[in-house]
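Student: I have a model on the screen and would like to go through its parts. Can we work by question and answer?

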Amino acid sequence: MARLAQTPGLTDVQQSILETVREFVDKEIIPHAQRLEHADEYPADIVDGMREMGLFGITIDEEYGGLGESLLTYALVVEELSRGWMSISGIINTHFIVAYLISQHGSPEQKKYFLPKMAEGSVRGAFSMSEPGCGSDVSAIRTKAVRDGDRFTIDGQKMWLTNGGQSSVVATLVKTDLGADTVYGNMTTFLVEKEPGFGETAPGLTIPGKIEKMGYKGVETTEMVLDGHVVPETAVLGGVDAGLGRGFYQMMDGIEVGRVNVAARACGISIRAFELAVAYAQQRQTFGKPLSGHQAIAFKLAEMGTKIEAAHALMVNAARLKDAGKRNDVEAGMAKLLASEYCAEVVQEAFRIHGGYGYSKEYEIERLMREAPFLLIGEGTSEIQKTIISRGLLKEYKQR
Ligand SMILES: Cc1cc2nc3c(=O)[nH]c(=O)nc-3n(C[C@H](O)[C@H](O)[C@H](O)COP(=O)(O)OP(=O)(O)OC[C@H]3O[C@@H](n4cnc5c(N)ncnc54)[C@H](O)[C@@H]3O)c2cc1C
C-alpha cells in the first residue's frame, strides 16, 4: 500500500526485510490463501519459504542463530503476513511468544537447548494458558503440577492451543502449590516437550485433534490432555530456583508482546480489506458511475483509511515502547483494543462495498469477514483490554 500504514524512522535492514516479506506475500501467499483456507490445508510450502527467510528466528539473538530483530520489526512483518492470510501469522505467533519467553526468562541451558532449533524452525513453539473452564480468568486454571524429587507430574486439560499439532515445545501455565499468598504466586510455566502430530505425542500427553473453527483455518488449534505427564525440574521456565511460582508473571510479559502482534494482525487485515474495497469501488458501476463516485462510498473509504492510520500508529508506538525496555501494558492494550475493533468495522465496510459478491466464497473479503472476529477475542478480549487500560490509567491518575 503506497500511502497508508507507513512507519517513519525504519533502518535500512528493517526496510529490506519488509520489502522481501511483502514480495513473498504478494507472490506466495495471496494467490493461494483462499484455496488453502477453504481446504483447511496446512500451508507447508509457505512455511518452508518463511523458514528460508529466517522468519522463525526473526527476534532470536544472533548468538543463537536468529536475526536479532526488534519487536517492531516482527510486528511489521506480521502486519504484512496478515495482509496475505491471517493463518500464516498464527503459525509464527505462538512460536515467537515462546522464543520471547525463553529469551527473556529462560535459564542459560534452556536458551542454548531451544533457541538455535527454534531460530531455524526445526522446533516450533505453542503457548498454553487457556483451559475448557477459563480463558480471561487465568486465576481459575486447574491443571496442576505436583513435585516428586527432581520431577513434576502434570495432570489436567488445556484448550485452544494454536499450533498444538505442529509444535514440539509448549509453554504451559499450570498450578503448583507453593504456599504463596496469591493464586498468581502459585503458578509455574513449564516447557513441555512432545513430538509434533496428534494422539499421544509424549507419555501421558495427548493432542486429540483439530478444533473445527469458522475461520483461521490452515493453522490448527487443539486441546492438550495431560494425564500423569512427567517432566524433569529442568522444564520449569527459568529453572526451579528462578522460575517456580513465577509462571503467571512470565506469561503476562509474553502476552504483552502477543497483544502488539494481534494489533499488527488487525492492521494487516484492515489494509487488505481497504485494498480490496478501494479497487472494487473504482471498477463497479452503479447509476452511471463507479461506486467511488458516490459520496456515501467515498466517505466509507475515508473512514476506513483513517482507522487504519490510527491503529497502525498505536501499534507502532506500543512496539517501540517495549523495544525501549519500558512496560507497555496500557499501550499494548490500547493498540490491541483499537486495532481489533477498527478491523472488524473496516472489514464490514469493505464487505458492504462488495455488495452481493462479498458473500461469495470466490472473493477474499468473505475470508476476512471470518478472520476479523477472532481478533476481538484472542490474546484477551476487548473487555479484558479495557480492564487493563482502565486499571493502568486509574493508577496513574490516582487522586491524592
Ligand atoms: C482460534 C483460537 C485460538 C486460540 N489460541 C490460544 C492459544 O494459543 N493459547 C491460549 O492459551 N489460548 C488460546 N485461545 C484462547 C483465548 O485466549 C480465549 O478464548 C480468550 O482469552 C477468551 O477466553 P474465553 O474464551 O474463556 O472467554 P471467557 O473468559 O469465558 O469470556 C466470555 C465473555 O465474557 C467476557 N468477560 C469475561 N470476564 C469479564 C469481566 N471480568 N468483565 C467483563 N467481561 C468479561 C469476555 O470479554 C467475553 O466476551 C484461542 C482462542 C481461539 C478462539
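Tutor: Yes. A caution on records comes before anything else: UniProt annotations may be inferred rather than shown by experiment. The model itself is predicted.

Student: Which residues does UniProt list for "domain: Acyl-CoA dehydrogenase/oxidase C-terminal"?

Tutor: The name comes from an unreviewed UniProt entry. The span it covers is 77% helix and 3% strand, and its end C-alpha atoms lie 28 Å apart. UniProt lists it as residues 245-394.

Student: How far apart are the centres of domain 2 and domain 3?

Tutor: The chain is divided into domain 1 (12-120), domain 2 (125-245) and domain 3 (249-396). Taken over C-alpha atoms, the centres of domain 2 and domain 3 are separated by 30 Å.

Student: How many charged residues are on the side of domain 2 that touches domain 3?

Tutor: The contact takes 9 residues from domain 2 and 10 residues from domain 3. On the domain 2 side, 6 are nonpolar and 3 are polar. The number of charged residues there is none.

Student: Is helix 4 roughly parallel or antiparallel to helix 7?

Tutor: Helix 4 (residues 86-105) and helix 7 (residues 247-283) pack with their axes 9 Å apart, at an angle of about 155 degrees. Angles over 145 degrees count as roughly antiparallel. Therefore helix 4 is, relative to helix 7, roughly antiparallel.

Student: How many charged residues are in the contact of helix 4 with helix 7?

Tutor: Helix 4 contributes residues including Met86, Asn93 and Tyr100, and helix 7 residues including Asp253, Gly258 and Arg265. By class, the contact has 6 nonpolar and 8 polar residues, and the charged residues number 2.

How values were computed. Residues are numbered from 1 along each chain as its sequence is written. This is a predicted model: local features need pLDDT of at least 70, side-chain atom pairs count only at pLDDT 80 or more; totals for chains, interfaces and linings use all residues. Domain bounds come from an automatic or database domain assignment. Two residues are in contact if their C-beta atoms, placed from the backbone, lie within 7 Å. Ala, Val, Leu, Ile, Met, Phe, Trp, Tyr, Cys and Pro count as nonpolar, Asp, Glu, Lys and Arg as charged, and the others, Gly among them, as polar. Axes are lines fitted to C-alpha atoms, for helices over the stretch in contact, and angles run from 0 to 180 degrees between N-to-C directions. Helices (H or I, at least four residues) and strands (E, at least two) are DSSP runs, numbered from the N terminus. Angles under 35 degrees count as roughly parallel, over 145 as roughly antiparallel, 65 to 115 as roughly perpendicular and the rest as oblique.
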